[in-house]
Amino acid sequence: MPTSANSSCEVARRCQMIIDQFDKTSESNDLSRIIVALRLGMDILPDTDKNKPTLLNRLGIALQERYERGGERHDSDCAVHAFCRALELTPDTMPSKIGYFSNLGLVLQTRINSFGDMKDIDLAIHVLSHALDVTPVNH
């Protein structure tokens, strides 16, 4: 019987295989497969799993890519949610958190330019403020 750590690694490995396939083909069908696989992974993994923030970040990237290709606002909304969850689950001391802030910031910039929604501007200000708070002084 696999341990939860093994299951977590297997979920991450399978998702990465699909992402690698998409990187080679850039097919929309592969992008949809990535999103489905990552969402299934999110359902399987507990919030305490060390791989979950990374997979949430990848889900956010895939959803934003699909938004940019198809223009469905729901994809962009879900991307913001995925990045926010990745940030929530990542301790401030983890170096990867800065990248998650960056990815969320890029999505919010796109949304502000596309939609001009004040909620996105407010969230961007909040995220930037928190990113500055957790960034080491010598960084």
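In this predicted model, the charged end of Arg 73 sits over the ring of Phe 115, at 3.9 Å from the centre of that ring. Arg 73 also appears among the contacts of another arginine, Arg 111, which, leaving aside neighbours within four places in sequence, touches Arg 73, Ser 76, Asp 77, Val 80, Gly 116 and Asp 120. Arg 111 itself belongs to helix 5, which runs over residues 96-115. Is Arg 111 buried or exposed? Its relative accessible area is 6%, and because buried means under 20%, Arg 111 counts as buried.

One of the contacts of Arg 111, Asp 120, leads on to helix 6, where Asp 120 is buried together with Val 127, Ala 131 and Val 134. These four residues lie on the same side of helix 6, because they cover an arc of only 70 degrees around the axis. The cover over the buried residues of helix 6 includes helix 4 (73-89) and helix 5. On the face turned away from the buried side, helix 6 carries the exposed residues Met 118, Ile 125, His 126, Leu 128, Leu 132 and Asp 133.

The extent of helix 6 and the polar contact at its start can be set out with their values.

| Item | Residues | Value |
|---|---|---|
| Helix 6, first C-alpha to last | 118-134 | 25 Å |
| Side-chain oxygen to backbone nitrogen | Asp 117 to Lys 119 | within 2.9 Å |

With its 17 residues, helix 6 has a reach close to the 24 Å expected at 1.5 Å a residue. Finally, with regard to aromatic rings, the structure holds one aromatic pair.

Definitions and conventions. Residues numbered from 1 in each chain as written. Predicted model: local features only at pLDDT ≥ 70, side-chain atom pairs only at ≥ 80, totals over all residues. Heavy atoms only, no water. Helix = DSSP H or I, 4+ residues; strand = E, 2+ residues; numbered from the N terminus. Buried < 20%, exposed > 50% of the residue type's maximum accessible area, 1.4 Å probe, protein only. Contact = heavy atoms within 4.5 Å. Expected span 1.5 Å × (residues − 1). Arc of directions from axis to C-beta. Polar contact = N/O pair within 3.5 Å; in protein donor to acceptor, adjacent residues only side chain to side chain. Phe/Tyr/Trp six-rings, centres within 6.5 Å; stacked < 30°, edge-to-face > 60°. Lys NZ or Arg CZ within 6 Å of the ring centre and 35° of its normal.
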